[in-house]
Amino acid sequence: MSILVHEEYSQDVAYAYDGTLEGLLSAIFYAYQSGEHPQDIDTPQHLQLRLGQRLHHIETSTTSALRLQRGISRICGEDIFDLIKHASLSDAPNASYAIYTFVRYALNQNKTHPCKLCKTRHNCPQTTPCARAKTKARKVSSLRLEHAHEITGPVLRLERAVLNERHRMKQFLRFEQTAQGIWFAKCNPNANVIPVLMDYFCARFGCESFVIFDEVHHIAGVCDGRDWQLVQTDSLNIPINTSNEQFIQAAWKCFYDAVSIDARYHPELRRQFMPKRFWRNICEMHERMPDTALKAHTSASDASNRQTLSPGLRLDQTRE
Amino acid sequence: MDILEKLEILSDAAKYDVACTSSGITRNAQEGKIGLASASGCCHSFTPDGRCITLLKVLMTNECVYDCAYCVNRCSNEVPRTTFTPQELADLTIAFYRRNYIEGLFLSSGVAKNPDHTTELMIQTLSILRNEYAFNGYIHAKAIPGASPELLDELGHLADRMSVNMELPSQESLKLLAPQKNKQRILAPMRQIQENIATDHETRALTRKRNTYYPNATPTKKMRSFAPAGQSTQMIIGATPESDFHILNLSAALYKHFSLKRVFFSAYLPINQDARLPQNDAIQLNREHRLYQADWLLRFYQFDVSELIDQDKPFLDTEVDPKANWALNHLDFFPIEVNSAPLQDLLRVPGIGPKGAKLIVQARKKSCLKEAELRKLGIAYKRARYFITCNGTYAGKGIAFTPEALRAQLAAPIDGGKHGRRADKCLAGQLSIFDCIDQPQTPDALPSPPMSLGGAQADGLFGWQQAILHPEKVRA
């Protein structure tokens, strides 16, 4: 009764969007607008059509995405929009569909929200609940407490997985100083975490410029010391490192080797905390990896780069 | 000497310090400063032994005037000796911090010349970091027992966390293995740190808000707060015959009276050849693990130390963890209903931790929790099912509700694998030292202290506790 989306309501349609948050919000907006209940929402690469299913390509529209964002923030609270934002960064299959059902459920649950009787609600510029509503609104939305719910639960778990991956990146990014004085780091996360990572490193670095490049999603976060931007790119030219860089890396490796106690040797525990998939971007682990693994990876990534040459450089596609 | 060689020697010498946490304080980034700190801490790497590297853990110097039997840096050991200059160490810290290798600095030291001289070197390093480099990250500094209170105060205002090594769990052992150290000398800086933190906290609370009619007394010069992340300590276990009962009571007293953030245990590793030390070459890693489990119960599960262990069985069970052990001995408390039990009862269930208990309390407001829901919340249902009912149904059917039957289900031996020297780990109580003492558990079995300086005795089972509570009565 309270759950809106059932299989029998769904019409045989699948939405394909461009993989960005704006695209996803546009797709959900379109579903509301057209009164459809799509069975699948995904990027064209991952979407596999069911028998007799119609495919609809969604044009990313910033206006409709913004309108949906405003609606969700006003009706359910900003923390619920944050939840959607974080969950949408996940690479997990069916993440987009889980978010779609969650948005439907969340908006339906909060039908009687404080803006309901407001006369100016249709052309209200506010993205957040206004002062009158704010006093009533709770700090944490009650939707966030529904860990065991069949619609909310998966989205909460998606968010948790993304934030865990973000924490891993905070731990295991290794910066190198390039000759121009810019700090550079490469990473291979299993979720598109750079948008939620940049603020942390901006704060940590103070006022220095740095670049974080995501090999998996081909996204780079570029910080010029004050503000940051996201760049989608496949071509990556790393300038040579400073002369001091080799020395510091040697010092770090020396420290890493020195602090280990042989009598307590426990590599399983290390692997549990520091999974092997990260090792190729952690400088002190390079010599512990078989050479073949490193080489195999570099050639494979080159090949994949050539195949998926994207339409050039797109600046500032999403700014969270 | 090359800085690489220095780093290798001094980090190698510091590796036996167990505490390596960057937790306890959140400090946001500030304009013009480098770095920040977060209360949960952040581990940046893990060594082959599975321990985390979060701070650059080094000694200021490995020269030492003391001759403690268990220590790798004792003056009678022939190891290469070196000292960092404050500038070198500060440069290295900043270079590592910028590359995201570390979260800050952990600075300990051997005692070169005297405690005051060593502390001054440490203060110099920290003030270069804080004042010249405007370093805003985490710094953990070891207080050297015997240093003057003024220097300790200065060090504390530069560091985030302070710690004093307790070294060994009893005065008797200290006298045997570290004859130059004594209890009051160790407890005095701990007490000073605790008092300074409390004073600082109070002063800040008073000056923060306009809470009098007088003009606000905000100090014109902003001073760093004193060790805002609190203090910790560590002790070696297994080098001397103290029981787990003794150790846990001591750590509970430290948490209670000195408001420590952490007590670290370090299983004794045979480094030196010494007749006073156990020579059986086995490490009590399992015992250390159980002690940490009990420590967690004290800090996060609202257990009291008397619930975990008693004097009749002074060692923790090696087969089951302390929480399961408590549950098996209190089966009349179980099963409890997950959908209605209060938080502190949920915390007593084996398989439900603080996070899981909090999630249960949140989630049950909206839905009725059964097996599937509990599994989704991340509860160790396999263990928890014998102690809970879900909406009235008990899921542990098939197993008799008796301590023996449940013990067989819950027994979880610590499986460390077969690497390195883990194959010859030993169990608690398997010691081959103190030939005069066969059963080290009971207090009256310990040899009476040879001299008394009047007042209460500092030795015996609760010797440290007495020294903590009555500093004026108990002398070392």
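This report walks through some strands and salt bridges of a predicted model.

**Strands in chain A**

Let's start with strand 5 of chain A, residues 183–187. Four of its five residues are buried, so this strand is mostly covered, taking buried as under 20% relative accessible area. Strand 5 of chain A has a partner in strand 4 of chain A (residues 176–177), and the two run antiparallel, joined by two bridges. If you want to find that pairing on screen, look for A:Gln177, which stands opposite A:Trp183 in strand 5 of chain A. Strands 4 and 5 of chain A make a hairpin with five residues between the strands, and A:Gly181 takes a positive phi near 90° there.

Strand 5 of chain A also pairs with strand 6 of chain A (residues 210–214), this time in the parallel sense and over five bridges. Here A:Phe184 faces A:Val211 as its opposite number in strand 6 of chain A. Put helix 7 of chain A (residues 194–205) together with strands 5 and 6 of chain A and you have a right-handed β-α-β unit.

Further along comes another hairpin, made by strand 7 of chain A and strand 8 of chain A, with four residues between them. Strand 7 covers residues 219–223 of chain A and strand 8 covers residues 228–232 of chain A; their pairing is antiparallel, over five bridges. A:Gly221 stands opposite A:Leu230 in strand 8 of chain A. The turn holds A:Gly225, whose phi is positive at about 105°.

**A sheet in chain B**

Chain B has an open sheet of three strands in the order 9-10-11, with mixed pairing. Its edges are strand 9 (336–337) and strand 11 (393–394) of chain B; each has a single partner strand, so one side of each is left without a neighbour in the sheet. Strand 9 of chain B runs parallel to strand 10 of chain B (residues 388–390), with two bridges joining them. B:Glu337 has B:Thr389, in strand 10 of chain B, as its bridge partner.

**Salt bridges**

Over all chains, the structure holds 32 salt bridges. Here are some of them, with the N to O distance for each:

| Acidic residue | Basic residue | N to O distance |
|---|---|---|
| A:Glu36 | A:Arg54 | 2.8 Å |
| B:Glu88 | B:Lys6 | 3.0 Å |
| B:Asp295 | B:Arg299 | 3.2 Å |

What does the salt bridge between A:Glu36 and A:Arg54 tie together? A:Glu36 sits in the loop between helix 1 (21–34) and strand 2 (40–42) of chain A, while A:Arg54 belongs to strand 3 of chain A (residues 54–57), so the pair ties together parts that are 18 residues apart in sequence. A:Glu36 counts as buried at 11% relative accessibility, whereas A:Arg54, at 41%, counts as partly exposed.

B:Glu88 and B:Lys6 meet in a salt bridge too, and this pair links distant parts of the chain: B:Glu88 is in helix 2 of chain B (residues 86–98) and B:Lys6 in helix 1 of chain B (residues 3–14), 82 residues apart. B:Lys6 is buried, with a relative accessible area of 8%.

The salt bridge of B:Arg299 and B:Asp295 lies within one helix: both residues are in helix 8 of chain B (residues 285–300), four residues apart, so about one helical turn separates them. B:Arg299 is partly exposed at 23% relative accessible area, and B:Asp295 is buried at 0%. Back in chain A, salt bridges that share partners join A:Asp79, A:Arg144 and A:Glu159 into one network.

Technical notes: Residues numbered from 1 in each chain as written. Chains lettered and ligands numbered in written order. Predicted model: local features only at pLDDT ≥ 70, side-chain atom pairs only at ≥ 80, totals over all residues. Heavy atoms only, no water. Pairing = 2+ DSSP bridges. Salt bridge = Lys/Arg side-chain N within 4 Å of Asp/Glu carboxyl O. Buried < 20%, exposed > 50% of the residue type's maximum accessible area, 1.4 Å probe, protein only. Right-handed = clockwise from strand over helix to strand, strands pointing away.
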